[in-house]
Amino acid sequence: MAYPKRFDGRAWDEPRPMEAKVGVVPRADGSAMFRIGNTVAIAAVYGPRDLHPKFMQNPETGILRCDYNMLPFSGHGDRVKPGGGRRAREIGMVMENAIRPVIDLKDYPNTVVDVFVDLPQTDAGTRCAAITAAAMALADAGIEMKELPAAVAVGRVSDKFVVDLNYDEEAHEDGAADIPVAMLPRSGKVTLLQMDGDIQPADLKKVLQMAHKAIIKINEVQKAALKARFADK
Amino acid sequence: MTETIHIKDKTIAVPGETLAEGMSVLPGAGTYRDGDAIVCSRLGLASVEDKVIKIVPMSGVYTPKLGDHIIGKVTDILLSGWRVETRSPYSAVMNTKDAVTDFIPRGANLAEYFALGDHIVIKIVNITSQHLVDVTMKGPGLMKLQGGRIVEVSAAKVPRIVGRDGSMIQMIKDATGCEIIPGQNGWIWIKGKPQGEILAIEAMRAIEREAHLPGLTERMKAWLTQHAKR
Amino acid sequence: MNRNTRTNLATYLKDGLRYDGRKPTDFRDITIETDITRSAEGSARVRIGKTEVIAGVKLAVQKPYPDRPDEGTMMVNAELRPLASPQFETGPPGDWATELARVVDRGIRESKLIDTATLCITPGELVWNVMIDLVSINDDGNLLDAAGLAALAALKTTKLPGLKDKMVDYEHRTNDKLPISDAEPLPITVFSVDGHQFIDPTYEEEDAYDARLTIATNKKGELCALQKGGEGPLSIDEIDKMVHLAVDKAQEVRKKLPR
């Protein structure tokens, strides 16, 4: 059937409209909201703080712990039963791996930095939105970071290569490849890479380069939101 | 040697932002060197002085430092002392010998001296490599707190609330009639009449919000004078 | 409960003041937004001061229970997520989340805001299941009242999804509102310290109460749910005062609901 034009009229390499706000959960040590298209992620950071149970403590460094949670009414159809499950646990793990390279918690042995991300509304690209929000929340919490990781899903929809697939594109009848990528904007290094679907090896490099460009744009949104946190009212 | 400083003094910098370029510029706290560039590693207010760029944090949990005067909360009674929460990832221990000048007999009920939930003003006297913290209550200004109210502020903002040589906090005390003891860990004890306490807290919240904006001292002076008349 | 906070707060209340300068019977600023998430059939975000709660309503269809062939079902679940406070943990709902959900549920059910008989599509075959989820985003005290208000606002604006071949078609929402009565039940929790009563505590003040009484009333001022919490006992006179206060405050808060 091919894919002559994107369902929502975007350019192939254009991410959906974005919005970010920092400090949305006052009780937390740091927090941020990130919206891309119809996907919304709220991240809150607590820590470094005491870690329980004790057996999880690492005497050489603090640990980063990410929790990803889709709210029951956030799915595309049926209610999502609370409790996370294996998908949420896996996303928590890849979030940790995506962010760990920029954080050094050796000065905080036996502690944990907890990142909780709740999503009240989802339309694909959720783990990427979660990572982007988490990065801002960690900065807001005063955690030292070499730079801010950002993430976006790239891939293939039918015969076209695109940036930031939405739910309908992921479900295109001709098939799609959904490739979530997290990158460090300064160094261009990839810290998260996964794929659902199929793609030719030669095309992977191309979509990763598209991802890099998009991630630099997303990083600008992150930086602006963090600066706006302290703007003179 | 050429150097370019991109960031303006007293503006907000975010992690990953290139603050300056050139090997003659020196990376201070909250920054790191990446090749030729100095890069921000912590959200905060950039401070550019001579050739040193550092970041003054606006947030972050309190990290215990030797010599700090903090307000702690008793959370456990131990065999020969008390466990004290420091509002940081690391709790502290106060030994009976560091608690009071009176002699505490062995086997005494330590809860009679300091009970769970009591707030105390203490000084950090030792931090081990494993971040175990020892505190003492023997020394000027250190004591058990009675009555009053504990206010939570960001530890990063306490210096601003205290002010240079304690000038800001003195202004608040004079205007509100409250006793105020600030802890470097972000717990601040105040005691006065309810109206006075509320005013003092409002003042501290205002300083928290506007710590990075210029002219704060003048604004607070005017605000306090105006509200003290109420 | 923190003894020192309790003693200090009692001094404030004697002077007719609160920790943040309010009067004991004042609410903080309340904002209500509806339709805040497209994924839900109905949703609302309520802010009371810095406390923030989101309520989401999802509708599904199912076969009715054999002993109630022409009645739909309704359930209320509360997620007090660790995102919102350092005192919440991951895992299934704890005691407080369970209590909060059940109290909000009782207010809705007993006031007949939702009459499960109106949720019947085909008797014996197909009924609506209304699932209300209350999620804390920031806990600065008084989550229960905020949650009850959010649930009501979400239900008032819930639209039925389309039905196709006895299955829900979530892609196509109808313009039909969920059938609810105009009962407008609202829980108001009144707290007591040393005999002084106050509402809408911040999380600091919540550390200091002797007893609390949640009173849900409908638009007519009739009681439709009660829940006492806290370890301190209450006299009948105190309860009477609290109930009257709750009836008045609920009417005040109702004015802020979207029409």
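Me: In this predicted model, where in chain C is the place of C:Asp35?
Reply: Let's start with the backbone. C:Asp35 isn't a glycine, yet its phi is positive, at about 55°. Its place in chain C is the loop between β1 (30–34) and β2 (42–48).

Me: Is C:Asp35 buried or exposed?
Reply: To count as exposed, a residue needs over 50% relative accessible area. C:Asp35 comes in at 55%, so it counts as exposed.

Me: And which loop holds C:Lys166?
Reply: Most residues other than glycine have a negative phi. C:Lys166 has a positive one, about 65°, without being a glycine. With a relative accessible area of 52%, C:Lys166 is exposed. Its place in chain C is the loop between β7 (159–164) and β8 (167–177).

Me: Okay, how many helices and strands does chain C have?
Reply: The loops we just looked at sit between strands, β1 and β2 for C:Asp35 and β7 and β8 for C:Lys166. Counting the elements of chain C gives 4 helices and 12 strands.

Me: What is the radius of gyration of chain C?
Reply: For 259 residues the globule rule gives 18 Å, and the value for chain C is close to that. So chain C is as compact as a globular protein of that length. Its radius of gyration is 19 Å.

Me: What share of the residues in chain C is buried?
Reply: Buried means under 20% relative accessible area. Of the 259 residues in chain C, the share that is buried is 59%.

Me: Which helix gives the largest share of the largest nonpolar core?
Reply: In soluble globular proteins, nonpolar side chains tend to be buried together. Here the largest nonpolar core has 97 residues, and those with the most contacts inside it include A:Leu138 and B:Met94. The largest share, 11 residues, comes from chain A, and the helix is α2 (residues 126–140).

Me: How many residues are in the other core, the one with C:Tyr170?
Reply: This core lies apart from the largest one. Its members include C:Ala44, C:Leu119, C:Leu160 and C:Tyr170. The count is 64 residues.

Me: Which strand of chain A is A:Pro48 found in?
Reply: Most peptide bonds are trans. The bond from A:Gly47 to A:Pro48 is cis, with omega near 0°. A:Pro48 is found in strand β3 (residues 39–50).

Me: And what is omega for the bond from A:His52 to A:Pro53?
Reply: A:Pro53 lies in the loop between β3 and β4 (63–70) of chain A. The bond leading from A:His52 to A:Pro53 is cis, and its omega is near 5°.

Conventions. Residues are numbered from 1 along each chain as its sequence is written. Chains are lettered from A and ligands numbered from 1 in the order in which they are written. This is a predicted model: local features need pLDDT of at least 70, side-chain atom pairs count only at pLDDT 80 or more; totals for chains, interfaces and linings use all residues. Side-chain values use heavy atoms; hydrogens and water are left out. Helices (H or I, at least four residues) and strands (E, at least two) are DSSP runs, numbered from the N terminus. The radius of gyration is taken over C-alpha atoms; the globule rule is 2.2 Å times the number of residues to the power 0.38. Buried means under 20% relative accessible area, exposed over 50%, partly exposed in between (1.4 Å probe, protein chains only). A nonpolar core is a set of buried Ala, Val, Leu, Ile, Met, Phe, Trp, Tyr and Cys residues joined through side-chain atoms within 4.5 Å.
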